[in-house]
Amino acid sequence: MTVLDRFLRYVRVDTRADERSSSCPSTPGQLVLQEQLAAELRDLGVADVTLDEHGYLMATIPATIGRDVPAVGFIAHVDTSPEMPGDGVTPIVHRDWDGRDIVLPDDPTAVLRAADYPELAAQIGHDIVTASGRTLLGADDKAGVAVIVSAAAELLAHPEIPHGVVRIAFTPDEEIGRGANRFDVARFGAAGAYTFDGGSVGELEFESFSADVMQVTFVGFNTHPGYAKGQMINAIKAAARFVDRLPGDRLSPETTGGYDGYVHPYQMDASVDRTTVRVLLRDFVTARLREQQQLVEALAADVAGETGTRAEFTVQEQYRNMREVLDRYPEIVERAREAIRQAGLTPREKPIRGGTDGSRLSFMGLPTPNVFAGEHNFHSRLEWTSRQDLEKAVQVAVNLARIWAG
Ligand SMILES: [Zn+2]
């Protein structure tokens, strides 16, 4: 059984997450896949395979050395994005791809062109895997799941590879931000971990945004519009004026990249009496979130003064830049660089303009950078991966197990 065989099996299980559900996991398909994975891991001889009622699978690859070395964790998520259909995924392997356009059969307008995707253009001769045009592929993150299961198989088949305890976790509902919610860090018992949930070969991510969400509410006064003269105060108009004053050429998702943060109004609940604007605050430097909050509050206060509304605010922490934790454990990132180099690749390090489960796990006491798994165009019907990317990621995982043994 190869990593590609495993991947092709996992993507056929519909594990699309659902943010409207309050159960954990949010959809039953995730448990179906977890049960299959638990059985497969047991068949391979992986120890301590447990699947709890919330859909968290944990397992152990026992040490092959007598010395006591810290346990390392490998983590991937089984759910797929709610933004795209994930049922009836039909993976297609384009063996020894010759560089020509890949037209997906279920939707002839869905075309992967080498000219549009330099990362694809670099994979001529590789076995490219796509979906059929109607759904996503689910490489995010079934690539990571397949990589970890295959690394476990390889480590178990080669007891001569020296390594300490390797812990495995497959989590639900990462795509809706809940993957870390019920993750039992103490029970996992690893000194550090890696999520295999990244893009091109060599990628290594250990910086994420710090993130808060703000609610800005304008309180107006509603009355019958026919008799409102001199009385009505329209909170919708106040909110519109406020949104219009938010920065546009800077501090906006549409106009920033790299290490720039942003202030992003993304939802509005509007009525004349009360209008609430939800605003995402994002920066790589946590202290700047406070400056963003002050900017939002000042703009809203000005508008409230001009319009006769009252402005109310709440701020909620979402996640923090994992680097704040990982800087205290430089060896965890360094070992990933070394594992990537030993797979014949150059580490490619870039900040994540978002958060991962690793951002939250790092602050829960499990420092967790993110390693590539060969995911491309994720959350899209043009999602793809390649057999060669998957195999490189397996090598990196096996290398990590060995490097952690010192
Ligand atoms: Zn993912």
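Colleague: How many salt bridges does the count come to?

Modeller: This is a predicted model, in which local features need pLDDT of at least 70 and side-chain atom pairs count only at pLDDT 80 or more, while totals for chains, interfaces and linings use all residues. Residues are numbered from 1 along each chain as its sequence is written, and side-chain values use heavy atoms, with hydrogens and water left out. With a salt bridge taken as a side-chain nitrogen of Lys or Arg within 4 Å of a carboxyl oxygen of Asp or Glu, the count comes to 26.

Colleague: How many residues apart in sequence are the parts that Glu207 and Arg323 tie together?

Modeller: The side chains of Glu207 and Arg323 meet in a salt bridge, at 3.1 Å from N to O. Glu207 lies in the loop between strands E10 (203-205) and E11, and Arg323 in helix H8 (residues 323-326), so the parts tied together are separated in sequence by 116 residues. (Helices, H or I of at least four residues, and strands, E of at least two, are DSSP runs numbered from the N terminus.) The number asked for is 116.

Colleague: Is Arg278, the partner of Asp269 in a salt bridge, buried or exposed?

Modeller: The closest N to O distance between Asp269 and Arg278 is 3.9 Å. Buried means under 20% relative accessible area, exposed over 50% and partly exposed in between, with a 1.4 Å probe and protein chains only. Asp269, at 47%, is partly exposed, whereas Arg278, at 18%, counts as buried.

Colleague: Which residues coordinate the zinc ion?

Modeller: Donors are N, O and S atoms within 2.8 Å of the metal (3.2 Å for Na, K and Ca), and sites may look incomplete, as water is not among the atoms. Along the chain the donors follow the spacing H-x62-D-x56-D. Asp140 in helix H4 (residues 139-157) and Asp197 in strand E9 (residues 192-198) link distant parts of the chain, 57 residues apart, and both are buried. At 2.0 to 2.4 Å, the ion is coordinated through NE2 of one residue and OD atoms of the others: His77, Asp140 and Asp197, the last appearing twice.

Colleague: Where do the buried residues of helix H6 lie around the axis, and which strands and helix do they pack against?

Modeller: The buried residues of H6 (residues 235-245) are Ala235, Ala238, Ala239 and Phe242. They cover an arc of only 95°, which puts them on the same side of H6; the arc is that of the directions from the helix axis to the C-beta atoms. On the other side, Lys237 and Asp244 are exposed. With contact meaning heavy atoms within 4.5 Å, the buried residues pack against strands E11 (210-219), E12 (262-270) and E13 (274-283) and helix H7 (287-307).
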